[in-house]
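Colleague: I have a model open on my screen and would like to learn how to read it. Could you walk me through it, feature by feature?

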Amino acid sequence: MMFWNGGGWPFWEVALMWVGMIAFWGLLIWALYALITTATRRPGAGAGGEEHAGDPARRILDERLARGEIDTDEYRRLRDVLASGDDRSPAGRGSGR
């Protein structure tokens, strides 16, 4: 028994092996979660921080203000028209039929 050396593994080798195994499985599970959530994410879904994510008219109005196409008074007027749910066009009344 020339290479026996007392038998068994030292504690630090066993602990290192457990830490490595837990890290491997944790990273594998995290990678699968990231792949699945990325693949199933709906296009156009925001991060959830937008207050009017489902209202495209309000988003367009915000973009027009940001680009400088309208001033703040016009923005407030159009925002109020959108909020009231009024069917009339803010630019005019149309044909009126």
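Colleague: Let's start with the overall layout. In what order do the elements of the protein run from the N terminus on?

Modeller: They run α-α-α. The count is 3 helices and 0 strands. Please keep in mind that this is a predicted model.

Colleague: Then what pLDDT does the protein average?

Modeller: The average is 80, and 69% of the residues score at least 70. You can also read confidence element by element: α1 has the highest mean pLDDT, at 95, while α3 has the lowest, at 90.

Colleague: How do I check the length of a helix such as α2?

Modeller: Compare its end-to-end reach with the rise expected per residue. Helix α2 covers residues 56–67, which is 12 residues, and reaches 16 Å from its first C-alpha to its last, close to the 16 Å expected at 1.5 Å a residue. Helix α3, residues 72–84, can be read in that way too: its 13 residues reach 18 Å, close to the 18 Å expected.

Colleague: And which residue follows α3?

Modeller: That is G85, whose phi is positive, near 75°. Look just after α2 as well, where G68 takes a positive phi of about 85°.

Colleague: Now burial. What share of the 97 residues in the protein is buried?

Modeller: Buried residues make up 6% of them. For a single case, go to L61 in helix α2. The cut-off for buried is under 20% relative accessible area, so L61, at 5%, counts as buried. You can also relate L61 to a residue further along the chain: L61 and L82 are 21 residues apart in sequence, with 9.7 Å between their C-alpha atoms.

Colleague: How much area does the protein expose, and what do carbon and sulfur atoms supply?

Modeller: About 8900 Å² is exposed, and carbon and sulfur atoms supply 62% of that area.

Colleague: Which residues form a nonpolar patch on the surface?

Modeller: The patch is made of W18, M21, I22, F24, W25, L28, I29, L32, L35 and I36, with about 1100 Å² of accessible area together. Take I22 as an example, which sits in helix α1, residues 11–40. I22 counts as exposed because its relative accessibility is 57%. W25, another member of the patch, counts as partly exposed at 46%.

Colleague: Many of those positions seem to be spaced by three or four. Why do residues three or four places apart point the same way in an α-helix?

Modeller: An α-helix has 3.6 residues a turn, so residues at that spacing point the same way.

Colleague: What about ring contacts: how many aromatic pairs are there?

Modeller: The count is 1 aromatic pair. The rings of F24 and W25 have centres 5.2 Å apart and planes at 75°, so the pair is edge-to-face. Both residues also belong to the nonpolar patch.

Colleague: Let's turn to charges. How many salt bridges does the count come to?

Modeller: The count comes to 7 salt bridges. To read one, look at the closest N and O atoms of the two side chains. For R67 and E69 these atoms are 2.9 Å apart. R67 counts as exposed at 52% relative accessibility, whereas E69 counts as partly exposed at 45%.

Colleague: Which residues are linked with R67 and E69 in a network of salt bridges?

Modeller: R64 joins R67 and E69 in that network.

Colleague: And how does a salt bridge look inside a helix, say D73 with R76?

Modeller: Start with the spacing. D73 and R76 are 3 residues apart in helix α3, so about one helical turn separates them. Their closest N and O atoms are 3.7 Å apart. D73 is exposed, with a relative accessible area of 53%, and R76 is partly exposed at 43%.

Colleague: What is the N to O distance where the side chains of D80 and R79 meet?

Modeller: That salt bridge has a distance of 3.9 Å. D80 is partly exposed, with a relative accessible area of 45%, and R79 is partly exposed too, at 26%.

Note on methods
Residues numbered from 1 in each chain as written. Heavy atoms only, no water. Patch = residues over 30% accessible without salt bridge, like charges linked within 9 Å, V, L, I, M, F, W, Y side chains within 5 Å. Areas by Shrake-Rupley, 256 points an atom, 1.4 Å probe, with all protein chains shown as cover. Salt bridge = Lys/Arg side-chain N within 4 Å of Asp/Glu carboxyl O. Helix = DSSP H or I, 4+ residues; strand = E, 2+ residues; numbered from the N terminus. Buried < 20%, exposed > 50% of the residue type's maximum accessible area, 1.4 Å probe, protein only. Expected span 1.5 Å × (residues − 1). Phe/Tyr/Trp six-rings, centres within 6.5 Å; stacked < 30°, edge-to-face > 60°. pLDDT = per-residue confidence, 0-100.
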